[in-house]
Amino acid sequence: MRYFGRRAKGAAAEAQDGKVLREDTSVAEPEASLPKHCLNLKIQVYRVLVSKNRKERRKDILKLEGKVAIVTGAGREGKGIGRYVSLALAEEGADIVITDYVIENAEKVVAEVQALGRRAIAVGGNVAVPADADAIVASALNEFGRVDILVNNAGITRDALIVRMSEQEWDAVLSTNLKGTFNCTKAVARTMMKQRSGRIVNVASVMGVIGNVGQANYSASKAGVIALTKTTSRELGSRGINVNAVAPGFIQTAMTEELSENVRNSIAQNIPLNRLGTPEDVARVILFLCSEDSSYVTGQVINVCGGMVM
Ligand SMILES: NC(=O)c1ccc[n+]([C@@H]2O[C@H](COP(=O)([O-])OP(=O)(O)OC[C@H]3O[C@@H](n4cnc5c(N)ncnc54)[C@H](O)[C@@H]3O)[C@@H](O)[C@H]2O)c1
């Protein structure tokens, strides 16, 4: 038997039903004693069944089986991007370290990941504090023995026009969004370098590309995340570590729910795809950047914004 795990179970079930011919050499070849036209027909049916069987098995292959991922800011219940990223990675086979400020929130997402049949732990911590970032990575190594993926998702806004923006508002946003990304990347880099493989995905924003009124702190932090992504990808590329960023536009999460319906409608009218994005839209692109499908992609920023920025 050439297949293992899920696929082995599938193959055995098929054999019991007797409906699908298996690919291994024990499958009886069409008998030579049949008339030639029957024999040809039987061979054709055999080939169709084997190729259908192969396609079904290919669908079964999980993209992240055996991988361990840390997702920061993943404890927001409901519509948080981090939660959707965690579930998308878990659905593809990864075990997940869910981290957030509030460990009780992270624990709820852990339960959702476990319901998908994956291992998960919750780790509380503030990514803006270097010791917390180190502790998050240490917990991951302690529990799972490796870290393959880091998604730097934790982020905040403190919006104000620049003339009114306080030093605290500036510092808070830069500390979480930019320094937090630096802290977690630094904490995980040596482990990934030793493994000679890894994926880091930073959640930036289109506001880091085009700027936005009332978001001097936020736009600057996300522009910094983009520059950090490019530099880190250059430093770590030769060790088999890919570092990329996604730059979401307006996504329907708690962050944008503060906007009035009128504002959200008028934003949608100026987006080529005519709608705000969903957390799943962002999670799917992050999943791509965490998988082998993007093995020759590094140092890139992918706008996930319905065409708002191009
Ligand atoms: N929602 C959008 O429209 C949008 C657009 C562009 C970019 N983004 C980015 O996507 C990411 C996720 O956004 P979201 O909308 O899901 O936000 P969210 O507010 O729903 O979730 C952010 C999570 O990060 C956590 N967090 C905040 N500061 C932290 C810290 N210092 N340490 C640890 N955890 C912390 C929060 O507790 C929260 O659970 C952010 O980086 C955000 O800037 C969001």
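Biologist: What classes of residue make up the shell around the ligand?

Modeller: This is a predicted model, and its shell around the ligand has 13 polar, 12 nonpolar and two charged residues. Gly counts as polar here.

Biologist: Which residues come nearest to the ligand?

Modeller: Of the 27 residues around the ligand, those are Gly 73, Arg 76, Ile 81, Gly 155 and Thr 253. Two or more residues of the shell come from each of α3 (81-91), α6 (167-195) and α9 (254-257). The largest share is that of α9, with three residues.

Biologist: Okay, on to the sheet. What makes β3 (120-124) and β7 (301-304) edge strands?

Modeller: Each of them pairs on one side only, so they are the edges. The open sheet has seven strands in the order β3-β2-β1-β4-β5-β6-β7, and the pairing is parallel. On average, neighbouring strands are turned by 15° against each other, ignoring direction.

Biologist: How do you know that β2 and β3 pair?

Modeller: Pairing takes at least two bridges. Strand β2 (residues 95-100) is joined to β3 by five bridges, so the two count as a pair. As an example, Ile 96 has Ala 120 in β3 as its bridge partner.

Biologist: What makes you say that helix α4 packs on the sheet?

Modeller: Helix α4 (residues 103-115) touches β2 and β3. Contact here means C-beta atoms within 7 Å. The direction of α4 makes about 170° with that of β3.

Biologist: And which strands does helix α5 lie across?

Modeller: Helix α5 (residues 130-144) lies across β1 (68-71), β2 and β3, and runs at about 155° to β2.

Notes. Residues numbered from 1 in each chain as written. Predicted model: local features only at pLDDT ≥ 70, side-chain atom pairs only at ≥ 80, totals over all residues. Near = placed C-beta within 6 Å. Helix = DSSP H or I, 4+ residues; strand = E, 2+ residues; numbered from the N terminus. Axes fitted to C-alpha atoms, helices over the stretch in contact; angles between N-to-C directions. Contact = placed C-beta atoms within 7 Å.
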